[in-house]
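Please open the model in your viewer and keep the selection panel at hand. The tour goes from one selection to the next and says what is found at each stop.

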Amino acid sequence: MDTLLEVKDLKTKFKTEDGTLYAVDGISFSLQKGRVLGIVGESGCGKSVTSLSIMRLVQKPGEIESGEVLFRGKNLLKVSESAMREMRGRDIAMIFQEPMTSLNPVFTIGDQIDEAISTHRPKLSRAEVKARTIEMLQKVNIPAPEKRYGEYPHQLSGGMRQRVMIAMAMSCDPELLIADEPTTALDVTIQAQILDLIRKLQKETSSSVILITHDLGVVAEMCHDVIVMYAGKIIEYGTVEDIFYRPRHPYTRGLLDSIPHFESGQRKKALTTIPGLVPNMLHLPKGCRFADRCSRVQSDCRQQYPSLQRLRGSHKVACFHPIEDVRKDVSISSEGGSQ
Amino acid sequence: MSEMLLEVQDLVKSFPIYGGLLQKEVAAVKAVQGVSFSVRKGETLGLVGESGCGKSTLGRCLIRLLDPTSGKIIYKGRDITTVAGEELRELRKSLQIIFQDPYASLNPRMTVGAILEEPLVIHNLYPNLKDRTDRVRHLMELVGLRPEAYSRYPHEFSGGQRQRIGIARSLAVNPELIVCDEPVSALDVSIQAQVINLLKDLQQKLGLTYIFIAHDLKVVEHVSDRVAVMYLGKIVELAEADELYVNPMHPYTKALLSAIPVPDPKAKEKRIILTGDVPSPINPPRGCHFHPRCPMMIEECKAAYPDRKMAPGRHEVCCIRA
């Protein structure tokens, strides 16, 4: 498989009055063509900053300190701002959590999608651009696209606005789509529509997707591979089956256990919780950042940070005392990624 | 079976919209459109539904933060729909609420101690300062806040800790019924689990009755004994939590349940994907409110709102196709 994106030892820091904090602290991963990669973690773990760093959209006081972001082999952190600008939207597109704040309230949605298309395809005539916009609106299942073309963002519902964002992002056939919590602000029935749409478009265009979310259900449903982040670091990486059936990091296990399940046997029992809180990013412990909340902690965990170690296949974990491999399922190896 | 604590009969709440030159009432947002149910002492009733279905409005009407337009609320055999003044204030000791946003519902200029003391002062409980402080310290311990927190301000706490402060505040006056309005929606999963466990612990210790409002069906199922599903101001289905999740009867409940992403990569159930959005509560569709989006719709659904049907096992549903 072709590697589309490779991130190497990326570090993004924020200078604050109280000191410098590393929101993303030396992470490395790669993404193959046509795959959907999920990045999960709790608020403040650095998942959004990771995506912004890839797009080079980190704003002051944030700054990418070091590392490489190789997109088709080219280091995005080295290209000029104008070249980067050309690539944004054309090669890598992004959709955000809150579609209302990412759309301009004073332009019609037609104008805004037109702009995205004509910026990257200056040779198209106005009529051609409009035709493409309407085609995109149709593709994202917006009813009466000709009529919606002339409407403003406030006239649309939340789900519709997110569809418009997706239409805009996909209008130039990007190879990589970064979706940052695309359904967090939406109701479940609308979320199901949007996820279905992203999945359909991803298959049709065989683009790669990075899906950032805190919802493990969404990850299980959408992704082939998963990164679990904690306090700026990748603590576990694997296929979706690795992460959900054979989690090795105590934090991943804890996250999975703290979701209420439907199985009636589990009901009414107290939920398993992860005690304590996420550490302060300005005063990180010396060793493993999860040590204070971990049930398997031993003295070496507090001495140094465990590096990401390869286990089986692509499965990696950053833990000195990982949970034992519970490989009961025999059919696993034949299933490479869901859907 | 324990005693009936709260009974709601045909409750309606609409918010008028004024317009035109004379600012006359031109329309109304019909947020709650005739809801009936009852809650027993010590149980948790879950209220689920999507944004705008009226679940929060209903919750607020129940504890009289909003005045219902019509209908009746009976608390411990007494009609509280129109009580006012001193009587209402007295009532507030028994009926409390926990809000969604722990950032917006705490006064940033008050210390935790002052926040927790305020309800005691207002209701003139523990007139002796020493007793009051003891009570506040006891409340903090009850919800798992450290004693140092007493003199700190809300901004010094994380979301989960703030929600604990909100919970302690609602417990201060020893209420019987607490409306929990999306208490964990703003929290991360691992913290969410801590707060849910705390709420359940407190319920057992103090014999509380909860009305638990949330849009997350997994959370509601976990905490509730019975669950009511709302759509556009109406309860479309009400049943024991287990029963509802195993045997949903209303097509909306079915769609809602199937729409939840399951944290299991192999669970590729057949998903019911509803088309369109929730209609506006200013102008709800004729007949069954759900018919424009319903995959099982027939002609009769457009004619009149379906009556409530009783299925075995105290399972209520409003659908002619169920």
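The stops below cover the interface between the chains and then the cysteines.

This is a predicted model, in which local features need pLDDT of at least 70 and side-chain atom pairs count only at pLDDT 80 or more, while totals for chains, interfaces and linings use all residues. Residues are numbered from 1 along each chain as its sequence is written, chains are lettered from A in the order in which they are written, and side-chain values use heavy atoms, with hydrogens and water left out.

Select first the residues of chain B in contact with chain A (heavy atoms within 4.5 Å): 41 residues of chain B meet 47 residues of chain A. The area buried between the two chains (accessible area, 1.4 Å probe, lost on being put together and summed over both) is about 3,800 Å², with carbon and sulfur atoms giving 56%.

Next, colour the helices of chain B (DSSP runs of H or I, at least four residues): α6 (189-206), α7 (217-223), α8 (241-246) and α9 (251-259) each supply at least two residues of the side that touches chain A, and α6(B) gives the most, with eight residues.

Then select A:C294, which is in no disulfide (cysteine sulfur atoms within 2.5 Å), the nearest cysteine sulfur, that of A:C319, being 6.0 Å away. A:C294 is buried (under 20% relative accessible area, 1.4 Å probe, protein chains only), at 15%.

Finally, move to B:C294, which is likewise in no disulfide, with the sulfur of B:C319 as the nearest cysteine sulfur at 6.1 Å; B:C294 is buried, with a relative accessible area of 16%.

Technical notes
Buried means under 20% relative accessible area, exposed over 50%, partly exposed in between (1.4 Å probe, protein chains only).
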